[in-house]
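Here is a short tour to keep beside you while you turn the structure on your screen. Take a look at it first, and then read on.

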Amino acid sequence: MDFKKLHQIEPGKSVKLKSIETKQGGPFKNKAEAVEFTADRNEKIRDLQYRMFVEQKQSLLIVLQAPDAAGKDGLIRKVLGQMNPQGCRTYPFKVPSEIERAHDFLWRIHQCTPATGMVSIFNRSHYEDVLVVRVEDLVPKKIWNERYEIINQFEANLVAAGTTILKFFLHISPEEQLERFKKRLDNPDKHWKLNTGDYAARDKWDQYREAYEDAIAKCNSKQSPWFVIPADNKWYRDASVAGIVHETLTQMDPKMPPVDVDLDEIRALYEREAAEQRS
Ligand code: AMP
Ligand code: MG
């Protein structure tokens, strides 16, 4: 199954989120089949990611954007966070701090892009600066409108430096979101996630949708693609993203570096030590 092809938005095309089903099951007959697929891909992802860590030649940046309760945290827990933590970091981007606000909007982002061999996962990202900032009118239109091009140049710079970029929009319906808000209310372990802002954002659902459609259409290229992931089914969300990350790492084809020591010499050293220990 080619999940990349299935969910990648074609560069240069506009996107209408309303015409993309939020609830899909893809090729899976049921949840169990998808969960099994995800587990299999997680294992393969971990292996390829560790190879990339050892290879030290390229890096991977995964950007997650979504309305509240669409499942960024769950996706990180069940798929992306399964990678080897030696070579993988997650960065949440919240309301900018005073010092962050005193810099250009990419300042805090650039510090978190992956070094060679590493994977960075962005839980929200520089796209907030053309999403929440646009809808909530936090800066004048002239400012946010210039940011699409600035983002394109920034991402092109990362690609030129050897970073592969994957950007995921988790697409849920307002009905599913409200149901998840209810589950949060009913579960004391999730009360820390509650806030009134989530409800205020629901009143602006259409404005957010338009802002997402613009961000996706204007900042989408073959090298830095957007994927719209149907996220009403958590198991489909996990399986399709696992599929895409696995396909991508397979194409990146990280290789163990060539041996640069004299194996015979090391073997002789070992034999000497072993003989000494025996005597
Ligand atoms: P959460 O990810 O649910 O913990 O919430 C983080 C909050 O920070 C969200 O409401 C985001 O919209 C907000 N946020 C993230 N980046 C920015 C930004 N650049 N400007 C304003 N708000 C932001
Ligand atoms: Mg939240």
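The notes below go from the overall picture to the sheet, a helix and a few backbone details.

Please keep in mind that this is a predicted model. The protein has 12 helices and five strands, and its C-alpha atoms fill a box of roughly 80 × 45 × 40 Å along the principal axes. Of its 279 residues, 46% are buried.

**The overall picture**

- Among contacts with a separation of 6 or more, 82% are between residues 24 or more positions apart.
- An unreviewed UniProt entry annotates residues 35-255 as "domain: Polyphosphate kinase-2-related".
- Over residues 35-255, helix makes up 51% of the chain and strand 14%. The C-alpha atoms at the two ends of this stretch lie 28 Å apart.

**The sheet**

- The five strands form an open sheet in the order β2-β3-β1-β4-β5, and the pairing is parallel.
- Which strands stand at the edges? They are β2 (88-92) and β5 (226-230); each has a single partner strand, so one side of each has no neighbour in the sheet.
- On average, neighbouring strands of this sheet are turned by 20° against each other, direction ignored.
- Helix α10 (residues 205-218) packs on the sheet, where it touches β1 (59-65), β4 (163-171) and β5. The direction of α10 makes about 140° with that of β5.
- At one edge, β2 runs parallel to β3 (residues 119-123), and five bridges join the two. To find this pairing on screen, look for Thr-90, whose bridge partner in β3 is Ile-121.
- At the other edge, five bridges join β4 to β5, again in parallel. Here Phe-168 has Phe-227 of β5 as its bridge partner.

**Strand β5 up close**

- Is β5 enclosed or open, given its place at the edge of the sheet? Five of its five residues are buried, so β5 is largely enclosed by the rest of the structure.
- In a regular strand, side chains alternate between the two faces of the sheet.
- From β5, Trp-226, Val-228 and Pro-230 point one way, while Phe-227 and Ile-229 point the other way.

**Helix α7**

- Helix α7 (residues 141-160) has 20 residues, which at 1.5 Å a residue should span 28 Å; the end C-alpha atoms are 30 Å apart, and this agrees.
- The helix is not straight throughout: α7 bends by about 30° at Tyr-148.
- Tyr-148 is also one of the buried residues of α7, along with Trp-144, Arg-147, Ile-151, Phe-154, Glu-155 and Leu-158.
- An α-helix has 3.6 residues a turn, so residues three or four places apart point the same way.
- What do the buried residues of α7 pack against? Their partners are β1, α5 (107-110), α6 (132-135), β4 and α10.

**Positive phi angles**

- Just after α7 comes Gly-162, with a positive phi of about 100°.
- Arg-124 is not a glycine, yet its phi is positive too, at about 75°. You will find Arg-124 in the loop between β3 and α6.
- Asp-253, another residue other than glycine, has a positive phi near 50°. Asp-253 sits in the loop between α11 (234-252) and α12 (263-278).
- With a relative accessible area of 39%, Asp-253 counts as partly exposed.

Note on methods. Residues numbered from 1 in each chain as written. Chains lettered and ligands numbered in written order. Predicted model: local features only at pLDDT ≥ 70, side-chain atom pairs only at ≥ 80, totals over all residues. Heavy atoms only, no water. Pairing = 2+ DSSP bridges. Helix = DSSP H or I, 4+ residues; strand = E, 2+ residues; numbered from the N terminus. Axes fitted to C-alpha atoms, helices over the stretch in contact; angles between N-to-C directions. Contact = heavy atoms within 4.5 Å. UniProt positions renumbered as here; feature names shortened; annotations may be inferred. Expected span 1.5 Å × (residues − 1). Bend = angle between axes of the 7 residues up to and from the residue. Buried < 20%, exposed > 50% of the residue type's maximum accessible area, 1.4 Å probe, protein only.
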